[in-house]
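Q: Could you take me through one part of this protein in detail? I would like to see what sits on the surface there and what lies beneath.

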Amino acid sequence: MVTGAAPAALTTGVRLAVATLTLLLPAAFRDRQRAEWTADLMTLPAGRWRYLFGAARTLPALRAAAHRAGLSRGPVAAAATFPSDALARTLLAGLGWPVLSWLLMVPLRYFLFDIPGRIAAGGGPVDPKSLWPSGALFVVLLPLILALTFGAYVALAGGWLLAASIGLAGAAVGVGLRRLWLAVAGLSLAAAALLAVTVGGLPVFDADPGYGAALLGTTAVALGLWSRTLSRWQRGWLLTIGLAAAAVLAAHHTPLGAAMHTWYLD
């Protein structure tokens, strides 16, 4: 079985075409299909390009066959479904929701609506709720508004609320990956965190000034930079969320961030 470079009997152009076609297939499926195409081409005295055009037309069917055979992600990626994939999914949901909500609700609206200018012009505070649309559009957007508002509060409070978010995300990931122990551990963490919030009263927004988010964000960045078993979009979003978490930490310790948080929480 030929798994390396194509034999010398094939021209450079044909070899490049075979290499290009195989790159469009799942990694675990490439060697076998490259060998099949190469063997067929070696037996053809003519019409090799016509054969390659026909092979290109079969790519969707080949990808579907690889997916049905469980080869669409390759053996390395499949082996890494847990724990790397589980950790990535937990961070994407449990940390991504709060920090991205914070970005949209606090800094973005603060600068988009020129809150400092409005405060200076009006001589008084600007209610964040007054910036939402009214009428039917508000009703349509209400679920999104509530999700973003609560997410931003979780990012601002950090501490137990952020732990509850991570726990709920871990539980959902455990269910999705059929890891019962992970689901139970996530629910236990969320329950303990929410109990702590309930017993201790409403969270104090300066009790965890961004350190919890920064710690989780550092984990997300490290996973995005050095994990080679995650998909490209997972790694990209992990880096994005990690940087957003760093912005939460910075906002807690800068005059500009203090001004934004004072406006949003008042």
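A: Let's start on the outside: Phe138, Val139, Leu142 and Leu146 make a nonpolar surface patch of about 340 Å². Such patches are made of residues with over 30% relative accessible area and no salt bridge (a side-chain nitrogen of Lys or Arg within 4 Å of a carboxyl oxygen of Asp or Glu), with nonpolar side chains joined within 5 Å. Areas come from the Shrake-Rupley method with a 1.4 Å probe. This is a predicted model, where local features need pLDDT of at least 70 and side-chain atom pairs count only at pLDDT 80 or more, while totals for chains, interfaces and linings use all residues. Residues are numbered from 1 along each chain as its sequence is written, and side-chain values use heavy atoms, leaving out hydrogens and water.

Phe138 belongs to helix α9, residues 136-157 (helices are DSSP runs of H or I, at least four residues, numbered from the N terminus). Phe138 counts as partly exposed because its relative accessibility is 30%; the class runs between buried, under 20%, and exposed, over 50%.

Now for a contrast: Ser165, in helix α10 (residues 159-176), is buried, with a relative accessible area of 7%. Ser165 is in contact (heavy atoms within 4.5 Å) with Gly94, Trp97, Pro98 and Val154, leaving aside residues up to four places away in sequence.

Further in, the largest nonpolar core (buried Ala, Val, Leu, Ile, Met, Phe, Trp, Tyr and Cys residues joined through side-chain atoms within 4.5 Å) has 35 residues, and Leu95 and Trp102 are among those with the most contacts inside it. Helices α9 and α10 are among those that each supply at least two residues of this core.

Notes: Patch = residues over 30% accessible without salt bridge, like charges linked within 9 Å, V, L, I, M, F, W, Y side chains within 5 Å. Buried < 20%, exposed > 50% of the residue type's maximum accessible area, 1.4 Å probe, protein only.
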